[in-house]
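User: I am in my first year and would like a close look at one part of this protein. Please take the place where I should look and explain it slowly, then set it beside other parts that can be described in a similar way.

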Amino acid sequence: MGKLQQKLLAGATALFLGTVILATTVEADEDAKEANRHHESKKTLETYELPERMVRFTYDSGLDFEYPDAVRGIYVTGNSAGGERFDKLINLVNSTDLNAMVIDVKEDHGNVTFQLDEGSPYYDIGTNFVKDPRAVLERLEEEGIYPIARIVVFKDSVLAKERPDLSFTQNGEVWTNGKGEAFVSPFQKEVWDYNIGLAKKAAELGFQEIQFDYVRFPEGFENRDDELEYDQGEYADDDTNEVKKRVQAVTDFVAHAKEELSSYDVDVSVDIFGYAATIPETPGIGQNFSKISSNVDVISSMIYPSHWTSYFGIDKPDEEPYRLVTEYAKVENEVLGELDNPPVSRPWIQDFEAPWLYSGATKQYGVSEVEDQIRALNENGIEEFLIWNAGNSYTEGVDYTPLN
């Protein structure tokens, strides 16, 4: 029993005994000296105050990281974290105003990027991309680089194939999208626990933040939900419509994950489609920007200019990164400003080309395009950002603090 528990037990025992004694005093005809003694005891007990709440257990990974002045990070695959490219990426961070890495722990297909113990429920989905994840984190601690664990949640071809009952099926087969990717259902709490358990493993390794990605149903789900077979679990009896059921399931997962990780001293963040901030709630994928934001420490909208249509009146957003990010930032600031306790805004920005948008020459993204996005965020009071390049080939010579 800890010292705090001993003190609380002693105080509670004293309170109980004092109450019994005081009751006896009222019923019995004791002398003035005895009554006065109990009167003093009562005064002492009345001034004793219990702590407002017990101190919660917090897991200590043994590593020590400081949260940066503002997180400015890059995406790092398991291959890069466990290979020769890692040194190059560390040099990039150390030679610039970058200070963080978002590292794949569970990647887009559903595999873990390192091998866990044979008895682990994640053993069969482990790879050897990162041979020693603890050594990677110790290296980041040494270099002063803030580590964030990316966990892809509901896009999971591996789990869907293994457990079709947790997925979406069509004609008896696991349904896949146009890219051949399968999803598991946000309605299934077994899927929640599967991913949260892995998040706890990442926290135990020393990651300072858990970033959940693909926290949603498949894109365009509203157009195929009647065609697919899936179990809605506890949400089947809800009287709300299908859109709100999906929103509730996704929101509930985020809130549950935040609570489950509260003893691990990690921040919780969620990647979310940028357009989710521009509408009350997405009809198919189940993302409500305000509700998700209310349950996380950090919200990371994916605002790549290449991924927008002319929503903001910009005909070719990919060619106008500064203007696109400026218009988005205005909308997000308004939405987050209405929340009682808004999270940190840390959008994903673009450092890659989008040849699928062009029939001719593709708009190239270099120093000015990356800096334009950062400048637009900073000018609108958003100081944190993450940079996406799927191959981890980042533009050299970028000023990541352009307003300084």
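Analyst: Let us begin with Y214, which is buried, with a relative accessible area of 18%, a value that falls under the 20% limit for that word. In this predicted model, Y214 sits in the loop between β6 (209-213) and α8 (242-260). Its backbone deserves attention as well, since Y214 has a positive phi of about 50 degrees although it is not a glycine.

The loop that holds Y214 leads on to α8, and α8 has a helix partner that is worth following. Two packed helices are described by the angle between their axes and the distance between the axes. For helix α7 (residues 189-205) and α8, the angle is about 35 degrees and the axes are 10 Å apart, while the crossing of the two is right-handed. From α7, the residues that make this contact are W192, D193, I196 and K200, and from α8 they are A249, D252, F253, H256, A257 and E260. Sorted by character, the residues of the contact of α7 with α8 comprise five nonpolar, one polar and four charged.

A second residue with a positive phi is N392, whose phi is near 60 degrees although the residue is something other than glycine. N392 lies in the segment after β11 (385-388), and it is buried, with a relative accessible area of 2%.

Another asparagine to look at is N378, which is found in helix α11. Its relative accessibility is 12%, so N378 counts as buried. If we leave aside the neighbours within four places in sequence, N378 is in contact with E383, P402 and L403.

The helix that carries N378 also packs against another helix: helix α10 (residues 321-337) and helix α11 (residues 367-379) have axes 8 Å apart and an angle of about 25 degrees between them. The two are therefore roughly parallel to each other, a description used for angles under 35 degrees. The crossing in which α10 passes α11 is right-handed. On the α10 side, the contact is made by P321, Y322, V325 and T326, and on the α11 side by E369, D372, Q373, R375, A376, L377 and E379. These residues of the contact of α10 with α11 fall into five nonpolar, two polar and four charged.

One further pair can be read in the same manner. The axes of helix α4 (residues 85-94) and helix α5 (residues 133-143) cross at roughly 25 degrees and come within 12 Å, which makes α4 roughly parallel to α5. Here too the crossing is right-handed. In α4, the residues F86, D87, I90 and N94 meet V136, R139, L140 and E143 of α5, and this contact of α4 with α5 divides into four nonpolar, one polar and three charged residues.

Finally, these details can be placed within the whole. The protein has eleven helices and eleven strands, and buried residues make up 50% of its 404 residues. Among the contacts with a separation of 6 or more, 76% are accounted for by residues 24 or more positions apart. The accessible surface of the protein comes to about 19,900 Å², and carbon and sulfur atoms hold 46% of that area.

Definitions and conventions
Residues numbered from 1 in each chain as written. Predicted model: local features only at pLDDT ≥ 70, side-chain atom pairs only at ≥ 80, totals over all residues. Heavy atoms only, no water. Helix = DSSP H or I, 4+ residues; strand = E, 2+ residues; numbered from the N terminus. Buried < 20%, exposed > 50% of the residue type's maximum accessible area, 1.4 Å probe, protein only. Contact = heavy atoms within 4.5 Å. Areas by Shrake-Rupley, 256 points an atom, 1.4 Å probe, with all protein chains shown as cover. Axes fitted to C-alpha atoms, helices over the stretch in contact; angles between N-to-C directions. Parallel < 35°, antiparallel > 145°, perpendicular 65-115°, else oblique. Left-handed = near helix turned anticlockwise from the far one by under 90°. Nonpolar A, V, L, I, M, F, W, Y, C, P; charged D, E, K, R; others polar.
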